[in-house]
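Morning, everyone. Please bring up the structure on your screens, and we will walk through it together.

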Amino acid sequence: MSLRFLSTARAQLADIVIIGGGPAGLTLAAAVKNSPVLSSLNCKLVEGGNLIGPLNSFSQNPPSNFTNRVVSLTPSTISYLSDIGVWKHIKEDRVESYDNIVAWDGVSGAQIDFNGPSLATMCETTNLQSALLARIEELNEETGIMDNIKVENITSDETNGWPVLQLSSGESLKTRLLVGCDGYNSPVRKFAQIESRGWSYNRWGIVATLRFKNGEFRYPTGWQRFLPSGPVALLPLPDNWTSLVWSTKPEYADILLKLDDDAFLAMVNAAVKLPVEELEFLYNQAHEDPENLVGEITWRLNVFNDKLSPQEMEKYPLELDTIVAKSRAKFPLKMSHADTYVEDRVALVGDAAHTTHPLAGQGLNMGQADVKSLVAVLEKAMERGLDIGTKLALEPYFSERYPANHVLLGVVDKLHKIYSTDIAPIVMARSFGVNVLNTVPFVKDYMVSRMGE
Amino acid sequence: MFLRRLSTAISEAEKSHFNSLAASWWDTTGPQRILHKMNLVRMDFINETLRSHVKINAGVPDEQKTFVPGWNHHNVLPGPVAESIQTEINRRIAQELSRPRLSCLDIGCGGGILSESLARLPMVASVRGIDLSPEVIRVADRHKALDPAITDKIDYQLKSIEQLDKDDQYDVVTMMEMLEHVEYPALVLQTAMQHVKKDGFLFLSTINRDLVSWLTTIVFGEYVLRIVPVGTHTYSKYIDRREIAEFVDETQFRVVDARGCTYVPLRGWVFTSLPDTGNYLMALQRME
Ligand SMILES: Cc1cc2nc3c(=O)[nH]c(=O)nc-3n(C[C@H](O)[C@H](O)[C@H](O)COP(=O)(O)OP(=O)(O)OC[C@H]3O[C@@H](n4cnc5c(N)ncnc54)[C@H](O)[C@@H]3O)c2cc1C
């Protein structure tokens, strides 16, 4: 009892403690330091992993290969990052912008008219994070970032209810406002007893860094083919490199991750072209007879390519011939949404509040919009002399962001469901395009009833 | 003398009403939510007034004064020159806004909602809150102790406005939802005015249309302007805003701003362009 009292008594005081040094947490830290109204606050960031070392080494000696976590940034994310002085620190030779997205139905072959962003920019997560860190250091030598330190326990102070964090370093922090940027399993969300609802997609997202065969020039293009097992996407990086995001069933993911690099590369080439039945056959072969897989795929792709006219060839991505060693990784995909983003003394931002299927490349961008909104709300609260940790001060953040995120999560979720089936009427219907589906009520009702399970 | 003693005597019924509210004062989801929300509008009003009246050259030796043209320099001077003048002015304003320099008096501070908000503004150095209910002063004291950033900035006292030292003067005096609770508002208002420093501000608010009418009629009509005999208590004699402005002009005060505000479900309190109806905020500034 007395020990606990002592440790609480020795807790360092802070105005804002951010847990998590992912894209959301670092953006929030940079935005707070950049704000004339908030910069005087004592703001700390605690990250369990090794953050500063790797980010500094990325900015001083960038690796020659692209790293495998690449995200698509929307124009509004980039304009916010520019506003808070971060974008100028981005290594622009490592990002690629594109406004051409070719998306097609893996079963019917129909092109999908995607209401995507007018311009998207592919950027390695590490590039973004190291730019954020550079900006934070530029604004204040005292960064307030504590890395390699895990938050082990969170309690409430007995007198004023402020969160008290026990850190793995033995220190403790007591804060007016605790912001959870701590990802899907958010310890902050659990501390605040906020429910998060959703479901697993029973899909894995496989990422890898690949390169198209040199030769023909193509404008930077995002390719996305919707297969019943999930979409496979190739998103452009500079110099013919490309980032793979392949969502697929757990059993396929297992098979794909066990393949050697050449066989995996062949499977990606197959997945963006061959009919679904052939792909099923190939998964089987990959499982039972991986040695002959490359030969089998080469033969099938030759047959497929021979039938294409030069114009038709342009509707498909070029052949991939290089993969960065060890760049393959898999992530579980789920959709989840917290019941609220704010409680007294607590706010949730980014994946801590919501996760989505990567098919629309929105996850990180939603977190950026959260940060922008939260910072504006905190500024307003400061001007009104409110205690920024109170729910009263934080409520506008929730009411601004929840509906917007809710709509996006719903649309992405529907897209996933519509395209992960091969039931004939739905395939027929969807070859008219998503927008048609949405405007024809009976088709939509039918689909919704079919997808009710 | 008799009047003076009674002027801020709050009726017994009012007092017990306040006491019962004290317990739930700081529960922003409870019955006081509307008051907490109203505080947001008050703070916006106070903030905007203070920000737009920052004096950047007061007390500064002539040679260090920031050049503030008395005309619209953006129209007259070449772009870069006008811009650099504006940048310098903005820099000085920001400097003044972040320098703790204002002393505040919150009359009828209740549980401290407004006092705490004032105390958190970087430009505020100290806040004194006074109230007549021992219970709410206790609530206020207990609550300020929860936030180390303001504990030492605020000083709550159980006293009436008459019990303040006559020479006590403040840069900002607030009297929110207070006049309508006292029996002799005119005297209270006059006493409050005495505690405003030169160039300082008095912020007032009242509750609703009838009370606005009542305030303008009784306060300014009967007691201040003396256009009707004291004790007439009539609602039929309205004074329009021009007359109030004229009155204030004749005192050492001027009306800087007056705004209506109203409660809109789902949106909270918003300003209206009708300061003569519904809730009402007013800023007076002492000119000499
Ligand atoms: C395959 C895939 C592809 C994607 N592609 C895109 C895309 O193209 N565009 C897009 O916008 N989004 C994309 N996303 C989503 C995006 O990656 C996430 O939304 C984003 O990384 C979330 O950032 P965050 O900062 O909220 O959380 P995270 O990046 O998860 O960061 C959380 C941090 O909190 C730390 N932490 C957790 N607990 C503790 C603790 N107890 N103590 C200390 N630290 C702790 C963790 O170490 C971690 O660093 C993709 C996701 C996947 C899986």
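Which residue forms a salt bridge with A:Lys391? The partner is A:Glu343, and the closest N and O atoms are 3.9 Å apart. Before we go on, keep in mind that this is a predicted model.

Now place those two residues. A:Lys391 is in helix 13 of chain A, residues 391-419. A:Glu343 is in strand 18, residues 342-343. They are 48 residues apart, so the pair links distant parts of the chain. How exposed are they? A:Lys391 has a relative accessible area of 24%, so it counts as partly exposed, since the partly exposed class runs from 20% to 50%. A:Glu343 has 26%, so it is partly exposed too.

Why do such pairs form at all? Side chains of opposite charge can pair when their charged atoms come close.

Here is another pair in chain A. A:Arg94 and A:Glu124 meet in a salt bridge through their side chains, at 2.8 Å from N to O. A:Arg94 sits in the loop between helix 4 (75-83) and strand 4 (96-98). A:Glu124 belongs to strand 7, residues 120-124. Again, distant parts of the chain are linked, with the two positions 30 residues apart. Are these residues buried or exposed? Both A:Arg94 and A:Glu124 are buried.

Over to chain B for a moment. B:Asp155 and B:Arg128 form a salt bridge, with the closest N and O atoms 2.8 Å apart. B:Asp155 is in strand 3 (residues 154-158), and B:Arg128 is in strand 2 (residues 124-131). This pair, 27 residues apart, also links distant parts of its chain. B:Asp155 is partly exposed, at 27% relative accessibility. B:Arg128 is partly exposed as well, at 21%.

Some salt bridges share partners. One network of that kind joins A:Asp15, A:Arg176, A:Arg345, A:Asp387, B:Glu116, B:Arg120 and B:Asp147. Over all chains, the structure holds 34 salt bridges.

That network names residues of both chains, which takes us to the interface. How many residues does each chain bring to the contact? Chain B brings 18 and chain A brings 14. How do we put a size on it? The size of an interface is often given as the accessible area lost when the parts come together. Here the two chains bury about 1,300 Å² between them. Carbon and sulfur atoms account for 52% of that. Three residues stand out on the chain B side: B:Leu40, B:Arg120 and B:Leu146. Together they supply 34% of the area that chain B buries against chain A, more than any other three residues.

Next, the polar side of this interface. Three salt bridges run between chain B and chain A. One of them pairs A:Lys380 with B:Asp44, with the closest N and O atoms 3.9 Å apart. Six residue pairs are in polar contact across the interface.

Which helices of chain B each supply at least two residues of the side that touches chain A? They are helix 3 (33-52) and helix 6 (113-120). Helix 3 gives the most, with nine residues. By class, that side of chain B has six nonpolar, five polar and seven charged residues.

Let's look at chain B as a whole. Chain B has 10 helices and eight strands. Of its 288 residues, 50% are buried. Take the contacts between residues at least 6 apart in sequence: 67% of them join residues at least 24 apart.

Now for the records. An unreviewed UniProt entry lists B:Arg42, B:Gly108, B:Asp131 and B:Met176 under "binding site". B:Arg42 is in helix 3 of chain B. At 6% relative accessibility, B:Arg42 counts as buried. Beyond its neighbours within four places in sequence, B:Arg42 has contacts that include B:Leu114, B:Ser205 and B:Met176. B:Met176 is on that UniProt list too.

B:Gly108 lies in the loop between strand 1 (102-107) and helix 6. B:Gly108 is partly exposed, at 28%. Leaving out neighbours within four places, B:Gly108 is in contact with B:Ile130, B:Asp131 and B:Met178.

Last stop, chain A. For "domain: FAD-binding", an unreviewed UniProt entry lists residues 15-207 and 328-382. Residues 328-382 are 36% helix and 31% strand. The end C-alpha atoms of that stretch are 45 Å apart.

Definitions and conventions: Residues are numbered from 1 along each chain as its sequence is written. Chains are lettered from A and ligands numbered from 1 in the order in which they are written. This is a predicted model: local features need pLDDT of at least 70, side-chain atom pairs count only at pLDDT 80 or more; totals for chains, interfaces and linings use all residues. Side-chain values use heavy atoms; hydrogens and water are left out. Contact means heavy atoms within 4.5 Å. Buried area is the accessible area (1.4 Å probe) that two parts lose on being put together, summed over both. A salt bridge is a side-chain nitrogen of Lys or Arg within 4 Å of a carboxyl oxygen of Asp or Glu. A polar contact is a pair of N or O atoms within 3.5 Å; within protein, one must be able to donate a hydrogen and the other to accept it, and residues adjacent in sequence count only if both atoms are side-chain atoms. Helices (H or I, at least four residues) and strands (E, at least two) are DSSP runs, numbered from the N terminus. Ala, Val, Leu, Ile, Met, Phe, Trp, Tyr, Cys and Pro count as nonpolar, Asp, Glu, Lys and Arg as charged, and the others, Gly among them, as polar. UniProt positions are given in the numbering used here, feature names are shortened, and annotations may be inferred rather than shown by experiment. Buried means under 20% relative accessible area, exposed over 50%, partly exposed in between (1.4 Å probe, protein chains only).
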